Amino acid sequence: MSAIAHWLEQAGISTVVIGLVKSHLEKIRPPRALWVPFELGRPLGPPSDPQMQREVLEQALRLVETTNKPTLVDFDSDDPRFIEDTQWQAPDIEEHQSILDECTALKPYYQRECVDKSRTTVGIAKVSINELATLVDDIYRKDEFIVIRSDISGRLMFRLAIDDLKAYYIESALAGPGNPSSLQIHNWLWKKTLLGSRMRELRHRFMKSDDAKIRDLGIKFIVPHLWRD
Amino acid sequence: MSLINLWILTAIVTVYWLTQKISAITENGMARLDQMAPAQREVLESLDCPTIADTAFVPPRPLNQCRVALVSSAGLMKRKDDNVSGSSSDYRVFENSWPERDILMNHISVNFDRTAFAEDINVVFPRAILKEMAEQEVIERTAAKHYAFMGATAPDKLQENVERLASELIDANINTVCLLPV
């Protein structure tokens with residue numbers, strides 16, 4: 001993004017970067033940047049907090065008025081949603097033997113969140129959640145990739161499937177009371193659900209593959225750093 | 001209770017509150033580099049950052065004369081469009097009028113938070129906040145179109161398409177861009 005800022009500025013367009021990794025801003029030195037002390041993935045900070053988001057965006061855009069070249073300013077408030085919310089409750093579901101059954105148990109939570117937010121972030125695989133859950137159950141059982149979309153490989157389909165399944169679980173978790181931190185939701189997803197444990201197991205299986213692309217999938221593209229074992 | 005006692009009590013409560021807050025933040029792992037998972041920190045610190053020789057700097061302009069477009073690196077896609085390749089150097093275009101429910105995230109990385117995007121798209125792509133600023137005349141106007149790249153792509157592979165984007169922005173009479181990495 002900081003490199004893009006340089007190139008747009010060369011074309012005569014003013015730019016501001018809202019940056020999350022300060023050392024990158026210091027190295028690439030975009031013309032104007034606001035460093036925000038937030039988690040990767042949320043440049044405007046807390047979700048459902050339009051007032052703080054507005055503060056971030058407005059402070060960033062006001063940098064177009066500065067004459068200092070380059071400008072790097074720190075945003076001085078932390079994300080209040082980093083703090084654990086003790087009111088939050090994870091979806092109350094029993095243990096299941098398949099991801100399909102787990103998804104079925106989560107469905108009322110997911111549907112409630114969809115209605116509440118009038119949107120869902122599930123959809124990149126372009127296949128229903130039940131089909132995706134069955135796909136991942138089958139991959140886990142048979143230990144081989146399965147092609148269910150003719151335009152993409154089984155390996156890519158698997159990656160899209162787990163992204164959609166994670167989105168489904170995250171939205172189910174958001175249906176609970178309170179305002180959970182991302183850590184609360186991810187701890188539940190990766191440590192308390194069948195999907196989480198199977199993803200961690202599949203990661204290890206893939207990392208032992210003779211196929212470099214499958215090893216790469218296991219190493220980088222299934223489990224986030226914090227929940228790798 | 002005397003004023004001095006009240007003052008001492010207030011000070012104790014304040015110190016306790018601050019201690020709790022700092023403790024909670026530390027335990028939850030703040031997103032600054034020194035508080036990330038060591039492996040993730042190592043990846044970010046070792047990323048090869050480009051050196052840009054020509055550091056152009058457009059002269060300052062008042063915020064209320066800014067016509068603003070958003071450019072995200074979140075690998076966003078429209079629900080019915082093709083998937084975004086993990087190495088794509090192209091950008092996707094998002095009409096300001098498209099509903100939030102039609103915008104999905106198709107980024108290849110698993111190492112950033114997606115719970116916030118799931119809850120509120122504005123943490124990543126703040127079209128609604130920008131629209132509010134335009135309505136209040138804090139900025140001159142918001143762009144009719146906003147844009148997203150795949151942030152995992154090496155910056156040097158993006159330059160040609162950034163130049164094409166710049167032409168598109170100039171044609172649309174946009175003079176300011178807010179860049180939003182994830």
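## The enclosed cavity

A cavity is taken here as a set of grid points, computed over the protein atoms alone, where a 1.4 Å probe fits but cannot get out. By that criterion this predicted model holds 1 cavity of 30 Å³ or more, and the largest cavity has a volume of about 140 Å³.

Residues of chains A and B line the largest cavity: A:Thr121, A:Ile124, A:Asp163, A:Asp164, A:Lys166, A:Ala167 and A:Ile170 are joined there by B:Met105, B:Arg114, B:Phe117 and B:Ala118. The elements that give two or more residues to this lining are α6 of chain A and α3 (115-119) of chain B, and α6(A) gives the most, with 5 residues. In character, the lining divides into 6 nonpolar residues, 1 polar residue and 4 charged residues.

## Helix α9 of chain A

Helix α9 of chain A spans residues 212-220, and its buried residues are A:Ile214, A:Leu217 and A:Gly218. Seen down the axis of α9(A), these buried residues fall within an arc of 95°, so they line one face of the helix. An α-helix has 3.6 residues a turn, so residues three or four places apart point the same way.

The buried residues of α9(A) pack against two further helices of chain A, α6 (154-174) and α8 (194-207). Helix α6(A) thus appears in both parts of this account, as a packing partner of α9(A) and as a contributor to the lining of the largest cavity. At the N-terminal end of α9(A), A:Asp211 acts as a cap, with a side-chain oxygen 2.8 Å from the backbone nitrogen of A:Lys213.

Technical notes
Residues numbered from 1 in each chain as written. Chains lettered and ligands numbered in written order. Predicted model: local features only at pLDDT ≥ 70, side-chain atom pairs only at ≥ 80, totals over all residues. Heavy atoms only, no water. Buried < 20%, exposed > 50% of the residue type's maximum accessible area, 1.4 Å probe, protein only. Helix = DSSP H or I, 4+ residues; strand = E, 2+ residues; numbered from the N terminus. Arc of directions from axis to C-beta. Contact = heavy atoms within 4.5 Å. Polar contact = N/O pair within 3.5 Å; in protein donor to acceptor, adjacent residues only side chain to side chain. 1 Å grid on protein atoms, 1.4 Å probe; cavity = no way out; pocket = protein on both sides within 12 Å on 5 of 7 lines; lining within 4 Å. Points joined across faces, edges and corners; volume = space filled by probe spheres on them. Nonpolar A, V, L, I, M, F, W, Y, C, P; charged D, E, K, R; others polar.
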